[in-house]
Every structure is written in structure tokens, then in C-alpha cells.
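Let's take a walk through this one together, starting from the inside and working outwards. Have a look at the fold below before reading on.

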Amino acid sequence: MIKQRADAIITEYLPKIYGFAVSKSFGYDEAEELCSDIVSELYRSLLCADRIYNTDGYVWRISAHVYSKFVSSKKKHQGISIDGMDIPVNDEYFSDEDEELLRLRREVSFLTKVRREIVYSYYYGNQSIAAISSAMNLPVGTVKWHLNKARNDLKEGFVMERKIGKLGLKPVKANSFGHCGNPGTNSGPEFYLGDSVNLNIVYSVYHEPKTAEEIAEELGATPVLIEEKIDFLESNGFLVRQSKNRYITYVHFNPETYSLEKRENTLKKQREAAELLAKDYAQSIREAIADYPGVYIPGGNRELLEAAAIMYGVINKCQLHTNKDLSKYYIKTAAGGEFIAYVSLPSEQTDKDYVPVLEHQDLTACGNMNRYSQKYPVYSWSVDTKFCSREGFWENNRLSDYEYLYEFITGAISDTPANADKFKRLRDRKFISPENKVNIMVINGKSDDFLGRIPSLDDAVKKTFAGYALESAEMLARNYPPQMRDLVVSDHAGSFISNSVAVMVTDILYKNGTFKPLTENEKVTSDLIMFCDRLPDA
């Protein structure tokens with residue numbers, strides 16, 4: 001901008017600028033100094049500007065900016081003293097170059113929520129103790145006590161060297177989430193812990209109870225930034241408050257290190273168990289259901305029913321029980337969930353020189369999955385493993401699939417545009433074939449009648465497994481924090497004959513020729529049975 005135009009703007013606005021300075025100052029000398037600073041900054045800015053479209057807005061923006069700097073330079077030491085420390089009465093007084101005030105503001109943020117609110121109200125808001133007492137519904141004496149404690153906390157925090165914890169420098173990341181129980185209307189733990197900050201808040205109290213302030217320090221954050229998250233996690237059961245306002249968690253995290261040799265030793269014992277179960281127990285199940293009536297099997301291969309019954313039997317009727325009370329591990333969420341939460345973390349092998357002996361085998365198994373209909377006499381049981389072609393595990397296994405199929409079986413729906421979505425879903429899951437035939441196993445009758453025929457494992461055989469399972473579980477539990485050990489022992493001992501062992505047993509039966517290899521169509525219903533009050537048309 002040319003000098004003449006800048007001079008004209010200064011001349012026009014000088015009285016208004018001086019009036020602004022007077023309104024912001026405590027004396028005429030101070031007002032003249034502020035006015036001079038604003039005019040000087042405005043004149044420099046005008047000379048550098050190409051064109052100004054809103055002169056009023058431009059002038060007052062420059063004025064406000066200069067005033068802010070003026071306050072910072074003139075009044076930053078005119079705050080209210082707390083035993084020799086100055087608390088500035090407005091955030092504008094902070095300067096990036098004022099290290100002491102920045103440290104004091106940091107320490108205010110590390111006060112407890114109640115004390116922080118009292119300090120801000122008293123020093124920053126100029127409220128009386130009586131007013132704070134009324135607003136916060138606290139006795140006057142309690143407000144005074146918190147204020148006194150806050151002064152002491154600030155003095156201690158101001159001179160101490162705060163250290164960022166491990167999680168602040170290297171936060172944990174989850175490989176996957178799992179749960180045992182009912183997830184409610186939200187998903188399982190991934191809904192609550194999928195957020196990295198939430199995950200690390202919970203993990204920060206896993207090995208040692210911590211207060212909100214200690215959690216914040218571990219994460220390298222201030223309490224004010226994570227308080228809402230802590231409240232959210234506590235209200236949904238992921239954090240449990242203990243004495244002295246410390247938190248712990250009952251979420252199961254795997255250890256960050258492991259021994260491959262110890263894992264393989266357990267796996268060897270489980271494979272020995274699978275060999276025994278495949279030889280004797282599997283045969284007893286086949287005999288128990290040999291004459292079971294009212295069964296629809298696509299393609300007619302009854303081995304599909306026998307394999308499903310064996311999978312069910314190993315998972316549900318061979319368990320080793322520890323009789324430990326696990327109620328405290330069930331997380332009860334505000335969305336109606338009630339489940340034990342599992343988080344898989346990256347884990348580093350400690351015995352890197354160990355050479356694996358066992359060949360890798362996919363032992364993944366999602367189930368038992370049970371779906372009960374309140375609308376129809378329909379129930380389904382399934383386990384998804386490498387033997388089936390179903391995708392999506394439990395999230396893709398919807399109750400509505402079986403209700404739609406029941407409507408199809410009973411003739412309540414036909415393949416018309418009005419039912420297009422239902423038929424598309426059934427065909428996407430391959431529950432009905434291109435020829436409109438039901439493509440999964442269906443049993444006419446109650447599930448209890450069929451599943452009740454499957455025998456339990458003989459007690460003598462259980463004792464063969466129990467000793468090693470408990471010994472192994474107790475050794476494993478030493479790698480976990482004290483509050484988690486009952487769950488670890490129960491899980492490990494109880495799952496020694498597990499879904500993984502059930503997969504091993506099935507694998508043995510297919511490899512040794514007891515069962516013929518599955519066709520692609522048979523994989524649709526492998527280890528999946530629907531129970532209802534009628535059978536599909538053959």
C-alpha cells in the first residue's frame with residue numbers, strides 16, 4: 001500500500017484506537033503506551049499490505065493482536081501468588097518464552113479434577129470460596145482443604161522432574177480382540193479398545209494399579225485430556241476403581257514375551273490328547289448317534305453329522321474344570337454386554353535360538369456359536385474352522401440367516417422381489433443352492449435331544465490330562481499380574497482340551513481315512529447344524 005493511503009487510515013482511526021487503548025488500560029500512561037504500540041504495528045502492516053477490503057476488521061484485528069502481546073509482556077508477573085509462585089489470571093498472559101509459567105500451567109493440568117476446577121474458579125475466575133462451595137455442592141471447609149492441597153501439589157510438581165512412562169514413548173498396539181460371552185448391542189471389546197488411547201489407558205493399569213494422574217503421566221498426557229476416556233472405560237467395566245482412587249483392569253492381555261519351546265511343549269501334550277480322543281472318544285460318539293432319526297444332510301453324507309458331533313463333544317464335554325469363580329472377569333457394558341475381554345498384543349520370542357519341532361497347523365476355531373430365535377422354533381450350533389468355507393466368523397453368523405431359512409423351509413416366503421434381500425443373503429452364504437435346495441444340515445427336534453446323546457469324556461481319561469494341564473497353567477500364570485491369575489489358570493487348564501484340540505482331532509480323522517475328504521459343497525455345512533420342527537424337502 002502507498003504511504004499516503006496508510007497515513008490517511010492512521011489519521012482516520014487514531015481517535016478510535018486511543019479510545020480502545022483507554023478502555024483496556026488502568027491509566028493514561030499505560031493507554032498511551034498501548035496506543036503507540038498499536039499504531040506502530042498497524043502502520044507497518046499497512047505498508048506491507050497490497051489491498052485491504054475490510055478496513056474496520058483489519059484495524060481491530062491488529063489492535064486485538066497488539067493488545068494480547070501487551071498484556072503478556074506487561075502483566076504476566078501480576079498474577080496471584082501461591083506461596084511464591086505466580087498463577088496468571090488469564091491464559092493470554094502465557095508466553096512461549098515464559099518457561100516457569102508454562103510449567104505452572106502444566107502442573108495445574110495434573111491436579112485432580114476437583115482441585116483443578118477449584119483452582120481455576122478461585123484464581124482464574126475470581127470466585128469466592130463461598131461461591132465455589134455453592135456451585136460445586138461442597139462444604140466451605142472442603143473447598144479450603146482442596147485449595148490448600150492444590151497449593152502443596154503445585155509446589156511439589158513445579159520442582160519435580162516429570163517423566164513420560166513407557167506407554168507415552170511406545171504405546172501398545174493390538175493385533176486382535178476377542179471375547180467370551182454376550183457383546184450386547186455394540187461389538188465386543190474392539191468397540192471400546194479400538195481407540196489407541198483407550199487401549200493404552202487400560203493397559204497402563206494392567207500390571208500395577210494407578211490413579212488418573214499416574215495413568216496420565218504413564219501416557220505422557222495431562223489428566224484433563226483423558227478424564228472423559230477414563231470415565232467412559234470405567235462406566236463400561238474396562239477399568240475398576242480400587243481404594244485411594246486407583247484403577248485396575250480385568251481385561252486379559254497376553255504377555256509381551258513368550259518362549260516357543262514352552263508353547264511347543266504344551267502343544268505336544270495337546271496333540272497326544274487329540275490322538276487318544278480320535279481313537280476312542282470319537283468312536284463312542286459315532287456309535288451314540290448312529291441311529292438318530294429326523295436328519296437332513298445335503299448330499300446324504302452322514303459323516304458330516306458325525307464330524308460335527310465329535311467337534312461338539314470335544315469342545316463341550318471334555319473340559320477340565322478348576323472350580324474358580326470367574327465372575328469378576330465378566331465386563332458389563334452400558335450397552336448390555338457381559339463378556340470376558342481378550343486383547344492379543346505383539347509378543348516377542350525370548351528363545352530365538354530354539355528350533356521349532358512341530359509342523360505348523362491352522363488350529364483357528366470360532367465357536368461355540370449358538371443362535372436362538374424367539375420368533376420361530378429355531379436354534380443353530382456351529383464352529384467355523386479350516387474345514388468349512390464360511391467367512392466372517394461370529395460377526396457374519398446372524399440369527400436372521402436361520403429365521404430366513406426356516407421361512408423358506410416352511411414356505412412362508414417365496415422367491416419374489418418382496419423377499420429379494422432374504423434370498424440374496426441365503427445365497428450369499430450358500431445356505432440354499434442354485435437349485436433352491438437347503439444346503440446345511442437340519443435336525444427335526446430339540447437340540448437337547450441330539451446333543452444330549454453325545455457322551456462326556458470318561459473321568460479316568462480326564463485324569464490323564466488334568467495333572468499336566470494344571471501344572472502347565474500354574475507355570476503360565478506366573479507371567480501375568482496377580483489379579484489375572486485365576487482366569488489364566490482356569491482358561492489354560494479348562495482349554496487344555498480346547499477348540500484347538502477339537503480341530504486336531506478332526507484333522508486326524510480326515511487324514512487317517514476315518515472320514516472322506518470334504519467336497520466344496522459339504523464345506524458349507526461342516527460343523528454347522530440347525531434344529532427346528534420340520535425338515536426341508538429332499
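This is a predicted model, and a good place to start is its interior. The largest nonpolar core holds 50 residues, and Leu277, Leu305, Val314, Phe450, Ile497, Val505 and Ile529 are the ones with the most contacts inside it. Who builds it? At least two residues each come from helices H13 (260-288), H14 (303-316), H17 (447-451), H18 (459-477) and H20 (499-511), and also from strands S13 (379-384), S14 (441-444) and S15 (528-532). Of these, H14 gives the most, with 10 residues.

Let's zoom in on Leu305. If you skip its neighbours within four places in sequence, Leu305 is in contact with Ile289, Val295 and Ile297, and also with Met441, Ile443, Phe450 and Ile529. Two of the residues in that list, Phe450 and Ile529, are also named among those with the most contacts inside the core.

That isn't the whole interior, though. There's a second, separate core of 43 residues, and Val202, Tyr206, Leu219 and Ile340 are among its members.

Now for a residue of another kind: is Leu470 buried, partly exposed or exposed? Leu470 is in helix H18, one of the helices that supply the 50-residue core. Its relative accessibility is 36%, and since buried would need under 20% and exposed over 50%, Leu470 counts as partly exposed. Setting aside residues up to four places away in sequence, Leu470 touches Thr322 and Ala493. If you'd like a ruler across the model, try Leu470 and Ser235: they are 235 residues apart along the chain, and their C-alpha atoms are separated by 35 Å.

Time to zoom out. The protein has 20 helices and 15 strands. Its radius of gyration is 35 Å, whereas the globule rule gives 24 Å for 538 residues, so the protein is more spread out than a compact globule. The extents of the C-alpha trace along the principal axes are about 105 × 60 × 50 Å.

Even so, plenty is going on between distant parts of the chain. Take the contacts between residues at least 6 apart in sequence: 74% of them join residues at least 24 apart. Buried residues account for 46% of the 538.

Last stop, the surface and the charges. About 27900 Å² is exposed, with carbon and sulfur atoms supplying 49% of that area. As for charge, there are 66 positive and 76 negative side chains, and the centres of the two sets lie 1 Å apart.

How values were computed: Residues numbered from 1 in each chain as written. Predicted model: local features only at pLDDT ≥ 70, side-chain atom pairs only at ≥ 80, totals over all residues. Heavy atoms only, no water. Helix = DSSP H or I, 4+ residues; strand = E, 2+ residues; numbered from the N terminus. Rg over C-alpha atoms; globule rule 2.2 N^0.38 Å. Buried < 20%, exposed > 50% of the residue type's maximum accessible area, 1.4 Å probe, protein only. Contact = heavy atoms within 4.5 Å. Areas by Shrake-Rupley, 256 points an atom, 1.4 Å probe, with all protein chains shown as cover. Lys, Arg positive; Asp, Glu negative; His and termini not counted. Charge placed at Lys NZ, Arg CZ, Asp CG, Glu CD. Core = buried A, V, L, I, M, F, W, Y, C linked by side-chain atoms within 4.5 Å.
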